[in-house]
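Please open the structure in your viewer and keep the selection panel at hand. The tour goes from the whole chain to its cores and then to its aromatic rings.

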Amino acid sequence: MKLEEIQRSLVDAKLDGWLFFDHHQRDPLAYQVLGLSTTKMCTRRWYYFIPASGEPRKLVHKIESFQLDSLPGSKTAYASWQEQKRLLGEMLGGAKRVAMQYSPECAVMHVALVDAGTIEIVRSLGVEVATSANLIQSFQACVTAAQRESHYEAGRRVDETLRETWNFIGDRLRAGKRITEWEAQEFIKTGFTRRGLFTDHGPNVSVNANSSDPHYDPKQDACSDIKPGDNVLIDLWAKLTEPTNAIYYDITWMGYCGTTPPADLQNIFNIVTGARDAAINRVNKGIDSGEALCGFQVDDAARAHIRDAGYVEYFYHRTGHSIGTDVHGAGANMDNLETHDERRVIPWTCFSIEPGIYLPAFGVRSEVNMFVDDKGAQVTGAVQDKLVLL
């Protein structure tokens, strides 16, 4: 646990402290930030309060008084619910405003982990509850230089796998041999294994109407053939198998099985890549100028481009998501559709830019990753500017 850094962040955020709470390991973020083991039984409520200054304080049940022994600070134990509430009030002392894993109106779902009843208890003690979303981002989404390099290395290996997959599909088509979405998916998985990459699920290989499902997952007995005249969407993500704290790389590219893409496909591809570039430019402009850039503003830039083209009703997911040791990380999402993400885009974080248009007949998405450090923002891999012709 980075106690001094946490307390500096609390002072900067004008918070009196950060109150952690859990039972039955319902809040994985608490365990990650505090460095707690998840191997212990946890059937009783515990509280851990880090004040903006001074020693942390623990409140644990007498049956499981060991829960927080690995953490610094004084410890108090309770038994009854009445005692629990009284001692919690004493633990919070003169605090007026504390952070918890709470998000107003569940705007940041990743952080909205503390139940409403516990929030009510804290408020009944005269304490205002603020969201810990930006604190979580600072301590869970920011990566090290070595982790950044793991992202770049994963990108090199994923990009190589993707090129190999396009060739595999093209060779099959030119030879007049049958190939399915599932076979292409399995080819990618084999390539990942050979290159020392891990993915938690997927990838998505989809043609025509299937590519209008952003989370399509072909199965051996439920997939489509890839045929001449089809559009092909490939969404693939992976990280290095070692080190264990490696960072994901997550991209989407589009192909066409032929030499001349139809006008409607080319038009939608141009609109989507234009939206992607508008979002990239918004990030670069905000970071370079020192603006307090928020995730929702990046989404606005991509969505405005698609709205101006007349297709905004077919873009029904956020523009991008945080990327970390999980493919969907703990940082700011580029989102003003599914949520209004007011978290700042901060240095040493990684995220995707992936606008899409999903028509009944076919879908198009173009996805890149961006990394922000102390010097600026950059796209971390190749940027697709034309359809891959197979």
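The stops below each begin with something to select.

Begin with the whole protein in a cartoon view, bearing in mind that this is a predicted model. Nine helices and 17 strands can be traced, and the C-alpha atoms fill a box of roughly 75 × 40 × 35 Å along the principal axes. If you colour by burial, 53% of the 390 residues come out as buried. Of the contacts between residues at least 6 apart in sequence, 65% join residues at least 24 apart.

Switch next to a surface view, where the accessible surface comes to about 17,000 Å² and carbon and sulfur atoms account for 50% of that area. Colouring by charge shows 41 positive and 51 negative charges, whose mean positions lie 4 Å apart.

Now select Ile268, Val283, Phe351, Ile353 and Val364, which touch the most other members of the largest nonpolar core, a set of 32 residues. At least two residues of this core come from each of β10 (249-256), α8 (263-289), α9 (295-308), β12 (349-353) and β15 (368-372), and α8 gives the most, with 10 residues. Centre the view on Ile268 and show its surroundings: leaving aside residues up to four places away in sequence, Ile268 touches Tyr311, Ile357, Leu359, Phe362 and Val364. Apart from this core lies another one of 28 residues, and a selection of Leu15, Phe20, Val60 and Ala133 displays some of its members. As background, nonpolar side chains in soluble globular proteins tend to be buried together.

For the last stops, show the rings of Phe, Tyr and Trp, among which there are eight aromatic pairs when centres within 6.5 Å are accepted. Select Trp18 and Phe139, whose ring centres are 6.4 Å apart with planes at 45°, so that this pair is tilted. Because Trp18 belongs to strand β1 (residues 17-22) and Phe139 to helix α5 (residues 133-141), the pair ties together parts that are 121 residues apart in sequence. Are these two rings' residues buried or exposed? Trp18 is buried at 0% relative accessibility, and Phe139 is buried as well, with a relative accessible area of 16%. Add Phe20 to the selection, and ring pairs link Trp18, Phe20 and Phe139 into a cluster.

Finally, select Tyr311 and Tyr314, where the ring centres are 6.3 Å apart and the planes stand at 50°, so this pair is tilted. Tyr311 is partly exposed, with a relative accessible area of 23%, and Tyr314 counts as partly exposed at 26%.

Methods: Residues numbered from 1 in each chain as written. Predicted model: local features only at pLDDT ≥ 70, side-chain atom pairs only at ≥ 80, totals over all residues. Heavy atoms only, no water. Helix = DSSP H or I, 4+ residues; strand = E, 2+ residues; numbered from the N terminus. Buried < 20%, exposed > 50% of the residue type's maximum accessible area, 1.4 Å probe, protein only. Contact = heavy atoms within 4.5 Å. Areas by Shrake-Rupley, 256 points an atom, 1.4 Å probe, with all protein chains shown as cover. Lys, Arg positive; Asp, Glu negative; His and termini not counted. Charge placed at Lys NZ, Arg CZ, Asp CG, Glu CD. Core = buried A, V, L, I, M, F, W, Y, C linked by side-chain atoms within 4.5 Å. Phe/Tyr/Trp six-rings, centres within 6.5 Å; stacked < 30°, edge-to-face > 60°.
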